[in-house]
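Trainee: I am new to this structure. Can we walk through it by question and answer?

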Amino acid sequence: MTHQTTDAAQPPRPPAVPGPRPLALHMAVQTSTWLSSLAALTASNGGLPPLSPELAARARDLEKALQNVPPEAFYKAVTEEARQRLDQFTRGVRKYRTAPRTARPAEPPVLWREDSTRLLDYGAVPEATNPEGPVVLVIPSLVNRFWILDLDHDQSLLRSLATRGLRPLVIDWDAPEGAETAFTLTDYITGRLARALDVAVALNGGPVALAGYCMGGLLALALAQLRPKHVGALVTLATPWDFHVAQGDLVRVLAGMMPRLEDTVAKAGVLPVDMMQAMFAGLDPYMTPAKFRRFAEMPPDTQAARRFVQLEDWLNDGIVLAGPVALECFRDWHLRNTPPRGEWIVGGDAIRPDRVSCPALVVVPEKDHLVPPGSSHALATGLPDARVLPINAGHIGLVTGSSAHEMLFTPLSDWLLSAFTPTS
């Protein structure tokens, strides 16, 4: 059901369920690493086990260093190191789960809602300098909460845009329920987003800018193509297009998991958050354990420790995907690579960058391990009027890093304001 509303500010959501999710998987990675290391040493009869060719040189150096070390001492040292890493990871998880949480800023007013979808007005936050300024409709990914773009008063892309005279409106996705679990991407784009765009255009008295983060950039691209008269500028942030650029590992992981994914969707109607987290963890199974080991050693009363807790809360506060959307994203986008092949269809139209005529800014985090830079550059290449903004950051650090204000917030605001300024 659709509601046009001007609800008062809502209290912030409670902290997410502590992770890391899925915890059982990360514990299994740590334990299996320990056990497999010991098993390999035992099977090697005191020498080093066979290693991949790229590690052969390092193995030879290690063998030289261990020539005068008794095998029993080496075995004991490996055992102790494995125990310490497992203990350090466990301490990091406990420290994270019990860490104090700082309340997030109060949400701005809700302009519009339709079932699980809301539109929040960041032109009404205290930091806003022009509540009637040019409207920017911000579209986050369907699998994550929008508040990565509004961590706190000091680190907020949305509030930064508002301080520069823009009026950001952000889509707040919640978990699909009832009939929403049967939604396709077409339902979200030509339905929910199209109606949110109507609200934004009415407020602006004309075309608005769209800005999409990650998967939200693809939704924004499709909306810009389908509603050209109402979209005056397009921004994509860390947005993939060619899903087979440097993504061989993810493709293999997904191919192996696809039968289980399809079975889960058929039975549950949605794709659970833990299953999505497990798929992405398969890209680098050791990344999460390593970062929690580092967190275990961080002084608690530091900005780095507080930011770690904020980001982990966001990562673990994911959103289940409607079943058909999950299949479109993981089977069609990731495995079949439909977008660059011209085979991604929304509302009967093939979505193609060359059909988007408005000015576009493609923001590319050059250290992104989830969306390889080449995937985003492929999108920029297809857009007729695109500028690329490369940024020395990762997928999340793009909007949460200490340099985000300088590298992204300011140039993005400048570009958007120029897009709304008529040229003489």
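Trainee: Which residues of helix 6 are buried?

Mentor: First, a note on the source. This is a predicted model, where local features need pLDDT of at least 70, side-chain atom pairs count only at pLDDT 80 or more, and totals for chains, interfaces and linings use all residues. Residues are numbered from 1 along each chain as its sequence is written, and side-chain values use heavy atoms, with hydrogens and water left out. Buried means under 20% relative accessible area, exposed over 50%, and partly exposed in between, with a 1.4 Å probe and protein chains only. In helix 6 the buried residues are M215, G216, G217, L218, L219, A220, L221, A222, L223, A224 and Q225.

Trainee: Is helix 6 largely enclosed or open?

Mentor: Helices here are DSSP runs of H or I with at least four residues, strands are runs of E with at least two, and both are numbered from the N terminus. Of the 12 residues of helix 6, 11 are buried. So the rest of the structure leaves helix 6 largely enclosed.

Trainee: What span should helix 6 have, and how far apart are its end C-alpha atoms?

Mentor: The expected span is 1.5 Å times one less than the number of residues. For the 12 residues of helix 6 (residues 215-226) that gives 16 Å. This agrees with the distance between its end C-alpha atoms, 17 Å.

Trainee: Which residues of helix 14 are buried?

Mentor: Helix 14 (residues 404-420) has 17 residues. From first C-alpha to last it reaches 23 Å, close to the expected 24 Å. Its buried residues are A404, L408, F409, P411, L412, S413, W415 and L416.

Trainee: At what angle do helix 3 and helix 9 cross?

Mentor: Axes are lines fitted to C-alpha atoms, for helices over the stretch in contact, and angles run from 0 to 180 degrees between N-to-C directions. The axes of helix 3 (residues 71-98) and helix 9 (residues 287-296) come within 7 Å. They cross at roughly 75°.

Trainee: Is helix 3 roughly parallel or roughly perpendicular to helix 9?

Mentor: Angles under 35 degrees count as roughly parallel, over 145 as roughly antiparallel, 65 to 115 as roughly perpendicular and the rest as oblique. The crossing therefore makes helix 3, relative to helix 9, roughly perpendicular.

Trainee: Which residues make that contact?

Mentor: Contact means heavy atoms within 4.5 Å. Helix 3 brings R85, Q88, F89, R91, G92, V93, K95 and Y96. Helix 9 brings T288, P289, F292, R293, F295 and A296.

Trainee: Is R192 buried or exposed?

Mentor: R192 sits in helix 5 (residues 185-204). Leaving out residues up to four places away in sequence, R192 touches W112, E114, D115, S116, T117, W173, E180, F183 and D187. Its relative accessibility is 2%, so R192 counts as buried.

Trainee: What is the accessibility class of D115?

Mentor: D115 lies in the loop between strand 2 (110-114) and strand 3 (117-121). Its phi is near 50°, a positive value in a residue other than glycine. With 49% relative accessibility, D115 therefore counts as partly exposed.

Trainee: And where does A238 lie, buried or exposed?

Mentor: A238 is in the loop between strand 7 (231-237) and helix 7 (248-268). Phi of A238 is also positive, near 50°. At 0% relative accessibility, A238 counts as buried.

Trainee: How many helices and strands does the protein chain have?

Mentor: Of its 424 residues, 51% count as buried. The secondary structure comes to 14 helices and 13 strands.
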